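Grab a coffee and open the viewer. Here are some exercises to work through with the structure in front of you, each followed by a worked solution.

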Amino acid sequence: MKNLSLALLAACAASTFALPALSMELTETWRLEGLQMPESVIYDAANDRIIVGNMVAMGAEAGENGYLSLVSPDGEMVEEQWVTGLQDPRGMAIVGEQLFVADNMGFHIISLADGALVETVTMEGAAFPNDVTADQGGNVYISDMFNQTIWRYAGGEASIWFGPDEGMTFPNGLLAHDGQVIVGSMGADMGENFTFGVPGGLYGVDMDGTGVTPLDGATEIGAIDGVAVIGDTIIFNDNPTGAIYGWQDGETVELANVGSGGADISAYDSTVLVPHLQQGALIAFSLTE
């Protein structure tokens, strides 16, 4: 997530950005304001709704004031306080009828049917559980950014799946896609306030958790927060600058810019969803050819 400054920075004025190399455009379609430090978002296809994670205040010392909101696909608030009593809800993934939500202690498993808490799984030793993704087999992956590891939840147990000495630093955004877990790295040589001496980028990790490969044309881009996919295009974003990128066939091009604070993006059909920490907004874009 990862730029902790709460100063409101102006979003880029333009709302449509061309992607000439890939013959696509990303156009803002709606914006919902009034959220409280929204860090993550996911589309719940089975129930045709959007789920937003509101951190409210950063840090476990702030208490359990984080919550999840339900939003309609056209940007209307449906239920602001759908699930309450969380600390800092971050990345989310859906497996079957359950929602997995990263939080300070590990992650929560929540029933999509009624929002009831099924279980809270503690990741012992984890420093900063962050993004979440799930593969087609129902295995769930959680990035632990500060410990520079990726965990996997399988068979009811959570354990470290990818370690800190295997060629990638400060993993944040995750996307299980095409036989890999694609990881957005924040970068290397971290300084104060989530600044990095070396920009991060995208990496592909084999499903056995042993091999990692930089994605050609998507390295040293920025502090990568969220990773999503539409068709053959990987969509990802740089939190400090607000830039949203598209990657395909070894080429990365900027699609849009929402200003500093764009957090853990998500996508479905032709829609890209961007929660904005500093603006307290959820922004929807349409990706068109």
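**Exercise 1.** How do the residues lining the second largest pocket divide into nonpolar, polar and charged?

*Solution.* Before starting, keep in mind that this is a predicted model.

Step 1: find the space. The second largest pocket holds about 200 Å³.

Step 2: list the lining. Going along the chain, you meet His177, Asp178, Gln180, Ile182, Leu215, Gly231, Asp232, Ile234, Trp247, Gln248 and Asp249. Strands S16 (180-185) and S23 (243-248) are the elements that give two or more residues to this lining.

Step 3: sort by class. You should end up with 4 nonpolar, 4 polar and 3 charged residues. If your polar count is off, check where you put glycine, which counts as polar here.

**Exercise 2.** Now turn to the largest pocket and work out which strand gives the most to its lining.

*Solution.* Step 1: size it up. The volume comes to about 470 Å³.

Step 2: look at the lining. There are 20 lining residues, and Ile42, Thr133, Leu175, Ser266 and Ala267 lie nearest the centre.

Step 3: go strand by strand. At least two lining residues come from each of S3 (38-44), S7 (92-95), S11 (129-134), S15 (171-177), S21 (224-230) and S25. The top contributor is S11, with 4 residues.

Step 4: check the chemistry. The lining of the largest pocket splits into 16 nonpolar, 2 polar and 2 charged residues.

**Exercise 3.** Take strand S26 (residues 271-276) and decide how many of its residues are buried, then describe its partners.

*Solution.* Step 1: check the cover. In S26, 6 of the 6 residues are buried.

Step 2: split the strand by side. Thr271, Leu273 and Pro275 point one way, while Val272, Val274 and His276 point the other way, and all are buried.

Step 3: look at the partner before S26. Strand S25 (residues 266-268) runs antiparallel to S26, joined by 3 bridges. Alanine 267 sits opposite valine 272, and that alanine is also among the residues nearest the centre of the largest pocket. The two strands make a hairpin with 2 residues between them, and aspartate 269 in the turn has a positive phi of about 45 degrees.

Step 4: look at the partner after S26. Strand S27 (residues 281-288) pairs with S26 over 6 bridges, again in the antiparallel sense. Here valine 272 stands opposite phenylalanine 285. This hairpin has 4 residues between the strands, with glycine 280 at a positive phi near 60 degrees.

**Exercise 4.** Trace the open sheet that contains S23: what is the strand order, and which strands are at the edges?

*Solution.* Step 1: write down the order. The 4 strands run S21-S22-S23-S24, with antiparallel pairing.

Step 2: spot the edges. S21 and S24 (251-257) each pair on one side only, which makes them the edge strands.

Step 3: add the twist. From one strand to the next, the twist averages 25 degrees.

Step 4: zoom in on one pair. S23 and S24 are joined by 6 bridges, and tryptophan 247 stands opposite threonine 252. You've met that tryptophan already, in the lining of the second largest pocket.

**Exercise 5.** Find the salt bridges: how many are there in the whole structure?

*Solution.* Step 1: count. The search gives 3 salt bridges.

Step 2: go through them one at a time.

- Glutamate 28 and arginine 31 have their closest N and O atoms 3.1 Å apart.
- Aspartate 44 and arginine 49 meet at 2.8 Å, N to O.
- Aspartate 88 and arginine 90 meet at 3.9 Å, N to O, under a cut-off of 4 Å.

Step 3: ask about exposure. Glutamate 28 is partly exposed because its relative accessible area is 26%, and arginine 31 is partly exposed at 31%. Aspartate 44 and arginine 49 are buried, and so are aspartate 88 and arginine 90.

**Exercise 6.** Is aspartate 178 buried or exposed, and where is it found?

*Solution.* Step 1: locate the residue. Aspartate 178 is in the loop between S15 and S16.

Step 2: check the backbone. Its phi is near 55 degrees, a positive value in a residue other than glycine.

Step 3: apply the cut-off. Exposed means over 50% relative accessible area, so aspartate 178, at 71%, is exposed.

Terms used
Residues numbered from 1 in each chain as written. Predicted model: local features only at pLDDT ≥ 70, side-chain atom pairs only at ≥ 80, totals over all residues. Heavy atoms only, no water. Buried < 20%, exposed > 50% of the residue type's maximum accessible area, 1.4 Å probe, protein only. Pairing = 2+ DSSP bridges. 1 Å grid on protein atoms, 1.4 Å probe; cavity = no way out; pocket = protein on both sides within 12 Å on 5 of 7 lines; lining within 4 Å. Points joined across faces, edges and corners; volume = space filled by probe spheres on them. Salt bridge = Lys/Arg side-chain N within 4 Å of Asp/Glu carboxyl O. Axes fitted to C-alpha atoms, helices over the stretch in contact; angles between N-to-C directions.
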